[in-house]
Amino acid sequence: MADPKGFLTHDRELPQRRPVDVRIRDWKEVYEDFPAPKLTKQAARCMDCGIPFCHNGCPLGNLIPEWNDLVYRHDWQEAIERLHATNNFPEFTGRLCPAPCEAACVLGINADPVAIKRVEVEIIDRAFSEGWVTPVVPAKKTGKRVAVVGSGPAGLAAAQQLTRAGHDVVVFERADAIGGLLRYGIPEFKMEKRHIDRRLEQMRAEGTEFRTSVNVGADITAEQLREQFDAVILSGGATQWRDLPVAGRSLRGVYQAMEYLPPANKDFENSPINARGKHVVVIGGGDTGADCIGTAIRQGAASVTQLEIMPQPPASRPGAQPWPTFPTLFKMESAHEELADGEGDRVYAVSTTEFVDDGTGQVRALRLVQVEGPQSGFKPIPGTEREIPADLVTLSMGFVGPEKGALLEGLGVEYDARGNVARDKTYMTNVDGVFVAGDMGRGQSLIVWAIAEGRAAASGVDRFLTGETALPYPILPTARPLV
């Protein structure tokens with residue numbers, strides 16, 4: 001245990017965000033540095049609670065009390081060893097995960113939980129700066145070849161595990177750079193892409209091969225993929241987005257979030273879809289919606305309004321979502337701070353009824369109506385209809401499953417009741433030697449679940465190729481978050 005009285009003597013503290021008027025002028029990460037003495041106090045708050053429910057909250061099974069204790073004792077090198085034992089990419093999860101581990105923290109029953117994510121980030125950043133993150137080269141090669149289709153967190157985790165097990169792994173990515181949504185879906189102000197690049201350097205040195213701008217199913221057929229590789233892992237994500245079929249949907253200026261964010265991440269200043277001087281409306285109240293807000297503000301939008309069909313969540317844990325489940329709470333992300341500081345608003349319990357044409361095929365406004373709660377089926381409330389200006393609209397309403405194109409059809413994989421690629425307990429599909437990991441098999445989920453599935457699928461592939469495996473198997477494909 002770090003400090004027996006740490007949780008009694010130290011309050012939860014996180015690093016300060018840079019001032020709004022400063023950070024919206026650039027695309028750098030929003031947080032300031034966190035002094036080491038403050039971090040030590042945060043690690044000291046870990047209670048050594050006997051049954052660490054944080055392990056259950058995190059599908060990776062991160063050894064959180066262990067590395068909190070090691071940070072408190074300034075044993076940083078051993079801390080990164082324990083962190084890497086369960087998580088290939090803590091620099092990603094520490095910045096992007098909504099932290100179900102913190103929701104499950106025992107201290108969180110009647111106080112603020114341990115700042116687990118912040119400790120995680122500081123451990124891995126310290127490890128990179130000290131040169132402790134080095135290639136883990138396999139002792140011997142198996143001669144087996146594995147194709148990983150998709151380079152998001154699930155694909156990268158599976159690739160690293162299998163490369164270290166001695167297999168020859170090739171990761172295919174249809175975009176022009178590796179990283180999946182980590183690269184082009186997550187804005188720079190949430191995670192600078194240098195964090196991806198330095199991890200990829202390690203993976204290349206270990207022997208993983210990356211091929212970009214390859215649309216598997218078209219540039220290389222499913223048949224060719226099976227012929228050239230001994231096993232295939234499908235990790236292309238749940239990229240089929242949810243649409244909003246209302247009047248005016250086809251107008252210019254109405255985009256899916258993943259049509260808007262990737263070009264903005266490729267070219268900060270000169271994106272072809274630019275919010276400069278425009279009234280922007282973001283439909284969807286989740287993390288992707290917040291990403292659209294922060295991006296539009298940095299592009300110089302005249303105003304930004306975020307719409308959400310659900311009622312405003314409570315500020316504290318509701319009775320229907322007791323500890324240690326992950327509660328739905330009102331959050332003030334960095335982008336929301338920026339929204340509140342300028343011309344913008346967050347509007348809850350409303351539904352879009354129409355996108356209004358300016359007469360030339362371009363959207364000029366959005367009509368909405370207030371609705372009752374989900375129990376009533378979001379029934380419109382008469383007399384609450386109104387119109388707001390909208391020159392640019394982004395739809396950030398989530399995803400409904402994998403794209404069922406030439407690759408999946410060519411492989412002949414089967415689907416589950418939700419339309420995701422079906423798999424058995426080894427993560428193998430109905431097609432022998434073809435496995436699936438991440439959102440393509442689970443449906444839209446969190447980055448920690450993607451990494452956990454990538455690690456588990458790698459275990460299944462390794463056993464399939466060699467008859468046995470020493471790779472970890474953190475979760476079953478049927479595992480679900482604490483509810």
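Look just past the end of helix H19 and you'll meet glycine 467, which takes a positive phi of about 90°. Keep in mind that this is a predicted model.

Now step back into H19 itself, which covers residues 447–466. How far apart are its end C-alpha atoms? They sit 29 Å apart, and since 20 residues at 1.5 Å a residue should span 28 Å, the two figures agree. As for its surroundings, 17 of the 20 residues of H19 are buried, so the helix is largely enclosed by the rest of the structure.

That brings us to the largest nonpolar core, a set of 69 residues. Helix H19 supplies the largest share of this core, with 11 residues. If you want a few landmarks, the residues with the most contacts inside the core are Trp67, Val71, Ile123, Val146, Leu162, Ile233 and Val461. Take isoleucine 233 and ignore its neighbours within four places in sequence: what is it in contact with? Its partners include Val146, Leu162 and Val461, along with Phe435 and Ala437. There's also a second, separate core of 21 residues, and Ala147, Leu411, Val421 and Val431 are among them.

Finally, have a look at the second largest pocket, which holds about 340 Å³ of space. It is lined by 19 residues, and Glu81, His84, Ala85, Val136 and Arg164 are the closest to its centre. Helices H6 (76–84), H10 (153–164) and H12 (194–206) are the elements that each give two or more residues to this lining. Sorted by class, the lining has 8 nonpolar, 7 polar and 4 charged residues.

Conventions:
Residues numbered from 1 in each chain as written. Predicted model: local features only at pLDDT ≥ 70, side-chain atom pairs only at ≥ 80, totals over all residues. Heavy atoms only, no water. 1 Å grid on protein atoms, 1.4 Å probe; cavity = no way out; pocket = protein on both sides within 12 Å on 5 of 7 lines; lining within 4 Å. Points joined across faces, edges and corners; volume = space filled by probe spheres on them. Helix = DSSP H or I, 4+ residues; strand = E, 2+ residues; numbered from the N terminus. Nonpolar A, V, L, I, M, F, W, Y, C, P; charged D, E, K, R; others polar. Core = buried A, V, L, I, M, F, W, Y, C linked by side-chain atoms within 4.5 Å. Buried < 20%, exposed > 50% of the residue type's maximum accessible area, 1.4 Å probe, protein only. Contact = heavy atoms within 4.5 Å. Expected span 1.5 Å × (residues − 1).
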